Structures are given as C-alpha cells and as structure tokens.
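This report walks through the architecture of one protein model, moving from a single helix outwards to the sheet, the aromatic rings and a few individual residues. Please keep the sequence and the model at hand while reading.

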Amino acid sequence: MTIRILKNQFAEVLSELYPSEEIQSFFSILSEKYLGMSRLEQTLNSELILSEGVSKKYVAAMKRLQTQEPIQYIVGETEFYGLPFKVNKHTLIPRPETEELVDWICTESKTRLPILSTILDIGTGSGCIAISLSKNILGSEVSAIDFSEEALDVAKVNAALNNTGIDFIRMDILTAPELPGQYDVIVSNPPYVRNLEKKMMQPNVLNFEPDSALYVSDEHPLVFYKKIASLAKNHLTANGLLYFEINEYFSEDMVAMLSEFNFKDITVKKDFFGKNRMIKCTTNAKTK
C-alpha cells in the first residue's frame, strides 16, 4: 500500500467524524511518528510503498480514531510550549490555554521574580507546567505535586526527556495539612469542569481523559482552589505569587474567594479566545 492510497483511505473512513483538515493533521502526525516524514516529504513520496508492518500501524491508529480517541494518546506524545511530552490515559493532554498560563509566568519572571526562585506546581499531571517553567526560568527550583502515582511516573519520564530536575511529590492536596516548603510561586491547573458541563464536552475528552483531572461536583466547584489558596497563604514567601488556570464561568467567584484569603493585586487574564481563563494574586507578610 502506498502513502497516497493510505491517505485516501483515512479521508474516506474518517470523513463522517472529522473535518478534512483534521484528518490531514492526523495523517501527518502519524507519518512523522511511523515514517519520520514531514508533511512535505509525505507529499513528495506519495507513491512510496509501505511495509506490511507499517501499514498495520496506520490501520490500527485509524480504528482508534474511529472511537474518537485523542491522537496524542495514539502516538503517546505531544508538544507543549515548544517541548516534547509523553502522555497516556493517566494524564490530561496539555492545552494551548495552559501554555498561555506558563507564558504569563515566564514573562513576569523576567521582572518580578528573583534569579533563584522556588516554584511549586500543584496537580502536575504530565509535568508540562513544572517542566516548562524549569526550562524557561533559569535558576529556578521547581517542585510538583500530584495524587496519582501513574501520572507522576509519566511526569518523571518527561522531566528526564527534557533534562530538568524536578522534585516530584505524591500528595492528595485536598487532605494535605500543609505544603512541603516555602515558595516564591505556586501555580495550579486543578480540576474545574462541573459535572453539569459534561454535556458540552467532546467525546475525545469525555471518554478518554482522566475524570479525576477534569471534573468537580456542581455543589463545590471551587473545592481545589479554596484548599490551595488556604495552604498557599502560609507557604508563599513575602510578595509571593499564586497563579491558577480557572473555569471561565467562575472568575468573579475566584476574585471574591481570593480576597477573603487576603490576597492582593488580584488579576484575571483572558485567553486567546477572550475567555477569563487565568488568575494571579500576590501575598505578603500579613497573610501568613
């Protein structure tokens, strides 16, 4: 089977589930994985005959795509903030809006953070936030927490892959009486999707990504934020910074909650879709 024939087969089989541009993207990602070819090289070598073993890999991937399994899980990797990351069913697939959160922190680090800064990432998952900050904030000492041993295993692989030294800690933040140390920056992208919002989720998210990393009860949507804020006020250094990725529907509630914990300089930031998706605040000696 040639690349051209296989590409046409992908388009035919998957056309009822995905737009043509996305199908082309899937095929390109798989070809980079299985053949080491860029999209241009695939086009130039469209009549290349594939081995039976390679053809079977494509067909198996196509069948998984028919179930709407994310392409990132199929190839076992993705890119985040210009860095490679391994992912599997135990970790969320890193999102572009989380890249914006990382970029916000990195940009501010150039003017606001000390050269040697201590950073804690709570709910690290694949380690994408912690590792990206470690790579881009020179001299930083980064720690990362997650309750899932399987997620931490993936994060440790990613830390080694990106040549970063992260201190990974297994901890259930909801039952933790305190944090492991004092930090200049605490950042978290905790679960924030309410169960009532599941009906708006796509099958590739709803059926494949880990529930524990996504959803909270309708009755207590800020449960993780409240617990992290209560711990952070005692574990941030003077003028330390607390960053969250947030549910777009709860920005006002987040501002009110952080104000109750006596955080100052509370700033809500929109993502590239114009949604209130990030928040930052500052502590001081009086809040500790």
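## A helix and its buried residues

In what follows, a residue is called buried when its relative accessible area is under 20%, exposed when that area is over 50%, and partly exposed in between. The model is a predicted one.

By that cut-off, the buried residues of helix α10 are Phe224, Tyr225, Lys227, Ile228, Ala229, Leu231, Ala232 and His235. An α-helix has 3.6 residues a turn, so residues three or four places apart point the same way. The elements that cover the buried residues of α10 include the strands β3, β6, β8 (215–216) and β9, together with helix α11 (251–260). As for its length, α10 has 13 residues and reaches 19 Å from its first C-alpha to its last, which is close to the 18 Å expected at 1.5 Å a residue.

One residue of the covering helix can be followed in detail: Met257 is found in helix α11, and it counts as buried because its relative accessibility is 4%, under the 20% limit. Leaving out residues up to four places away in sequence, Met257 touches Tyr225, Lys226 and Ala229. The C-alpha atoms of Met257 and Lys226 are separated by 7.3 Å, although these residues are 31 residues apart along the chain.

## The open sheet

The model contains an open sheet of 7 strands, in the order β5-β4-β3-β6-β9-β11-β10, and the pairing within it is mixed. Its edge strands are β5 (167–170) and β10 (264–270), each of which pairs on one side only, while neighbouring strands of the sheet are turned against each other by 15° on average, with direction ignored.

Strands of a sheet pair through backbone hydrogen bonds, either parallel or antiparallel. Strand β3 (residues 118–122) and strand β4 (residues 141–146) pair in the parallel sense over 5 bridges, and Leu120 stands opposite Ser143 in β4.

Helix α6 (residues 96–109) packs on this sheet, where it touches β6 (183–188), β9, β10 and β11 (276–282), and its direction makes about 160° with that of β9. Thr98 is found in helix α6 and is buried, given its relative accessible area of 3%. Not counting residues up to four places away in sequence, Thr98 touches Phe80, Ile129, Asn189 and Glu245.

## Aromatic pairs and charges over rings

A search of the whole structure finds 9 aromatic pairs. One of them is formed by Phe10 and Phe27, which meet edge-to-face at 5.2 Å centre to centre, with 80° between the planes. This pair links distant parts of the chain, since Phe10 belongs to helix α1 (residues 3–14) and Phe27 to helix α2 (residues 20–34), 17 residues apart. Phe10 and Phe27 are buried.

Tyr225 and Phe244 form another edge-to-face pair, at 4.9 Å centre to centre and with 80° between the planes. Tyr225 lies in helix α10 (residues 223–235) and Phe244 in strand β9 (residues 236–245), so this pair ties together parts that are 19 residues apart in sequence. Both Tyr225 and Phe244 are buried.

One aromatic cluster is formed by Phe10, Phe27, Tyr34 and Tyr58. Charged side chains also meet rings: the charged end of Lys269 sits over the ring of Trp104, 5.6 Å from its centre, and Lys198 lies over the face of Tyr215, at 4.5 Å from the ring centre.

## Residues with accessible surface

Lys198 and Tyr215 appear again in the surroundings of Leu206, which is in contact with Lys198, Met201, Asp211 and Tyr215 when neighbours within four places in sequence are left aside. Leu206 is found in helix α9 (residues 203–206) and is partly exposed, because its relative accessible area is 31%. Leu206 and Glu69 are 137 residues apart in sequence and 10.0 Å apart in space, C-alpha to C-alpha.

Is Glu219, in the loop between β8 and α10, buried or exposed? Glu219 counts as exposed, because its relative accessibility is 61%, over the 50% limit. The C-alpha atoms of Glu219 and Asn207 are separated by 23 Å, and the two residues are 12 residues apart along the chain.

Methods
Residues are numbered from 1 along each chain as its sequence is written. This is a predicted model: local features need pLDDT of at least 70, side-chain atom pairs count only at pLDDT 80 or more; totals for chains, interfaces and linings use all residues. Side-chain values use heavy atoms; hydrogens and water are left out. Rings of Phe, Tyr and Trp (its six-membered ring) pair if their centres lie within 6.5 Å; planes under 30 degrees apart count as stacked, over 60 as edge-to-face and the rest as tilted. Helices (H or I, at least four residues) and strands (E, at least two) are DSSP runs, numbered from the N terminus. Buried means under 20% relative accessible area, exposed over 50%, partly exposed in between (1.4 Å probe, protein chains only). A charge sits over a ring if NZ of Lys or CZ of Arg is within 6 Å of the ring centre and within 35 degrees of the ring normal. Two strands pair if DSSP finds at least two bridges between them. Axes are lines fitted to C-alpha atoms, for helices over the stretch in contact, and angles run from 0 to 180 degrees between N-to-C directions. Contact means heavy atoms within 4.5 Å. The expected span of a helix is 1.5 Å times one less than its number of residues.
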